[in-house]
Amino acid sequence: MKSLEQIAAELQGYDPGALPAPLVVDFLHRMVEPVAELETVAVVDALDRVLARDILSPIDVPPHDNAAMDGFAVRGAALSSDRDTALRVLGTVVAGGPRWTQPVPDDACVRIMTGAVMPEGLDTVVPVEFARVRPDGSVVVPAGAVRPGEHRRLRGEDLAAGRPALRAGERLGPAAVGLIASLGIAQVPVWRRVRVAYFSTGDEILSLGEPLREGGIYDSNRYTVGAMLRRLGVEVIDLGVVRDAPDALEAAFRHAAAQADAVITSGGVSMGEADYTKAMMRRLGDVVFWRIAMRPGRPMAVGRLRQSDDRPPTLLFGLPGNPVAVMVTFLAFVRPALLRLMGARATLPLPMRARAAEVMRKKPGRTEYQRGIVWRAADGSVHVRTTGNQGSGVLRSMVEANALIVLGHDQGTVAVGDEVDVLLFEGIL
Ligand code: AMP
Ligand code: MG
């Protein structure tokens, strides 16, 4: 395992006093080792888990050639291309019903339902809406209505037996869960769930139920962090609000280190902090303190808590105290790091582009995450405006927003109509 110092030395432009946001992501990617313990879960419990092994299809999907439409199964070569073709109807096959076994001569066809197995020798389905049924029950297929091979699904066309259906590192969503079930697989190998502890620090921070006293503010970070963690599908350990006192902090860090793969704190990492949080982090772990070239955010501590046994160290993410900064640094840095810890291959959200509906003042040399409202105009174009006051304590702005506007490190002021990157909350928050 590389030391934090070694990781820093590998990164070009590493400057802990003004660290570009992309370097933070890179640093954390190098610092975090995915969990290594595998467990097996039932498919119904596999949602949001990370696949630990490739899944090869044990069967052809679909397992037989079958009808893609309700209609009449015919031999494509028996259809005339320049005049109507009349066909006798020999019978009907339905999905899940017995297979058609009798021979079907060229002047005949079989009525077939979607999903039913194609009778031997027939390769084309004439959809009901294209066929004319005559009073004697036979059907007429107009010239050119259907080409040979149409409206039939081939055995193995979705997935051939032995082909990879899903790759290790896939975070299983509803479609993946369905795909696994469609292969007849009931149990899935996944990486074990990651356990994350979190607490808030600061003597001004009040827990719910306490009366609001002079100088106190209610703890919101523990609720946003806990909620974001639950969305990620990790196990959470809420360690409450921890007083700014050495023994209380030490107990909380030791508790977290003994039980969790990672611990997230908020508050107490700013430069001017006179509190004990930073001192305790330094004492109990290998920690780097950064000023990140970003807004909101800026101060952040990351590292590893020392462990006595052979267990991998507990990762430490010391987030700033401001409620919006907590959410932004979580989304930008902690979430990708935790996804990597969980064994996921894809860890970064997918930015979209939207046209700025207002001027966005911005200095090159830092990354800015503004709270945005994205909408689609009648002509289909996608636009974004900010929520107004971008103060890093204004949690309401995160509620009003449906996206973060990400103005990159080198970007300058954005003019009306310029395209900007946006990260839609849907799917990540
Ligand atoms: P700090 O990073 O400790 O200097 O905190 C920055 C700002 O965030 C201060 O105004 C704190 O009162 C506020 N803050 C810190 N922790 C929390 C919390 N858990 N919930 C709400 N606000 C907080
Ligand atoms: Mg503080």
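## Contacts and overall build

Of the contacts in this protein between residues at least 6 apart in sequence, 70% link residues at least 24 apart. Keep in mind that what you're looking at is a predicted model. Its secondary structure comes to eight helices and 26 strands.

As for overall dimensions, the radius of gyration is 30 Å, while a compact globule of 429 residues would come in near 22 Å. Lined up on the principal axes, the C-alpha atoms take up a box of roughly 95 × 55 × 50 Å.

## Four domains

The chain splits into four domains. Domain 1 is made of 4-37 and 192-341, and domain 2 of 39-61 and 158-191. Domain 3 covers 66-153, and domain 4 covers 352-424. If you want a feel for the spacing, the C-alpha centres of domain 3 and domain 4 sit 56 Å from each other.

## Surface and charge

Buried residues account for 47% of the 429 in the protein. The protein exposes about 20,500 Å², and 51% of that comes from carbon and sulfur atoms.

On the charge side, there are 49 positive and 50 negative charges, and the mean positions of the two sets are 2 Å apart.

## Two cis prolines

Now for some backbone oddities. As a rule, most peptide bonds are trans. Here, though, the bond from Val61 to Pro62 is cis, with omega near -10°. Pro62 belongs to the loop that runs between strand 3 (55-56) and strand 4 (66-67).

The bond from Arg295 to Pro296 is cis as well, with omega near -5°. To find Pro296, look in the loop between strand 19 (285-295) and strand 20 (299-305).

## Positive phi in two loops

Most residues other than glycine have a negative phi. Asp48 has a positive one, near 70°. You'll find Asp48 in the loop between strand 2 (38-42) and strand 3. Asp48 counts as partly exposed because its relative accessibility is 29%.

Arg298 isn't a glycine either, yet its phi is positive at about 70°. Arg298 is in the loop between strand 19 and strand 20, and that loop also holds the cis Pro296. With a relative accessible area of 41%, Arg298 is partly exposed too.

## Thr329, a buried helix residue

Thr329 is part of helix 7, which spans residues 323-341. Its relative accessible area is just 1%, so Thr329 counts as buried; the cut-off for that label is under 20%.

What does Thr329 touch, leaving out residues up to four places away in sequence? The list is Met294, Gly297, Met300, Leu319, Pro320 and Val334. One of these, Gly297, falls in the stretch between strand 19 (285-295) and strand 20 (299-305).

## Arg134, a loop residue

Arg134 sits in the loop between strand 9 (132-133) and strand 10 (139-141). Is Arg134 buried or partly exposed? Partly exposed, because its relative accessibility is 36%.

Setting aside neighbours within four places in sequence, Arg134 makes contact with Ala86 and Val140. Ala86 is 48 residues from Arg134 along the chain, and their C-alpha atoms are 9.4 Å apart in space.

Definitions and conventions: Residues numbered from 1 in each chain as written. Chains lettered and ligands numbered in written order. Predicted model: local features only at pLDDT ≥ 70, side-chain atom pairs only at ≥ 80, totals over all residues. Heavy atoms only, no water. Helix = DSSP H or I, 4+ residues; strand = E, 2+ residues; numbered from the N terminus. Rg over C-alpha atoms; globule rule 2.2 N^0.38 Å. Buried < 20%, exposed > 50% of the residue type's maximum accessible area, 1.4 Å probe, protein only. Contact = heavy atoms within 4.5 Å. Areas by Shrake-Rupley, 256 points an atom, 1.4 Å probe, with all protein chains shown as cover. Lys, Arg positive; Asp, Glu negative; His and termini not counted. Charge placed at Lys NZ, Arg CZ, Asp CG, Glu CD. Domains from an automatic or database assignment.
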